[in-house]
Amino acid sequence: MIAGLFRRANARRRAVEGLHLALSMAARQPGLYTRLGVPDTVEGRFEALCLHAILVLRRLGRLPAPAAEVAQDLVNSVFTQLDASLRELGVGDMGVSKRMKKLGAAFYGRATGYDAALDAGDTAALRAALVRNVLGGEGDGTGLAAYVQAVDAALAAVDLDGLLGDGPPLPAPDGFASPFAPIEDRA
């Protein structure tokens, strides 16, 4: 099924756009912000999107061809969205280029750190990286680390057809709140 899908450029583009949309929606889950401590700011939303993209790219990196092509298309799609978002925020052409380089370096640095911690099964290192990057140095990151580990485990059980068909199997973040984390009442 996948081989036929990638013979047609439009079908491939739509599949990657669907995957990107699923990541964007996952990054907007209220529980990330209200229960797991991700700051509800431009930076926090960037971090949430990057986190989900990194986890899906991690899975794509472990799948056979044409998963590498899907991964590259997904990276291109995410960074095209980030470029457009910067422009919507009023950043000029010269500033966009400079910021995109910084965002790219941040993205790949985070990917390397999260990957190493997940591969080693080092929850403390994962928690420290998440607190530093995603939580802006605030909180203990216990709930967010548990969520990331659960997402990673769920993704490990899905193949490329599943990722592109049904989308990534992402658990709801609400169930991973640290018992010590404050819960915001947004009624």
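This section describes the aromatic ring contacts of the structure. The model is predicted, and residues are numbered from 1 along each chain.

A pair of aromatic rings is described by the distance of the centres and the angle of the planes. In total, 3 aromatic pairs are present in the structure. One of them joins F107 and Y108, whose ring centres lie 5.2 Å apart; the planes meet at 90°, and the pair is therefore edge-to-face. The two partners differ in burial class: F107 has a relative accessibility of 2% and counts as buried, whereas Y108, with a relative accessible area of 44%, is partly exposed. F107 and Y108 also belong to one aromatic cluster, which they form together with F79.

A further pair is made by Y147 and F176, with 5.7 Å between the ring centres. The planes of Y147 and F176 stand at 65°, so this pair is likewise edge-to-face. Y147 is located in helix 8, which spans residues 142-156, while F176 belongs to the segment after helix 9 (160-165); the pair therefore ties together parts that are 29 residues apart in sequence. Y147 is buried, at 1% relative accessible area, and F176 is partly exposed, at 22% relative accessibility. F176 is not classed as buried because that class requires a relative accessible area under 20%.

In addition to the ring pairs, a contact between a charged side chain and an aromatic ring was identified. Here R45 lies over the face of Y33, at a distance of 5.3 Å from the ring centre.

Key. Predicted model: local features only at pLDDT ≥ 70, side-chain atom pairs only at ≥ 80, totals over all residues. Heavy atoms only, no water. Phe/Tyr/Trp six-rings, centres within 6.5 Å; stacked < 30°, edge-to-face > 60°. Buried < 20%, exposed > 50% of the residue type's maximum accessible area, 1.4 Å probe, protein only. Helix = DSSP H or I, 4+ residues; strand = E, 2+ residues; numbered from the N terminus. Lys NZ or Arg CZ within 6 Å of the ring centre and 35° of its normal.
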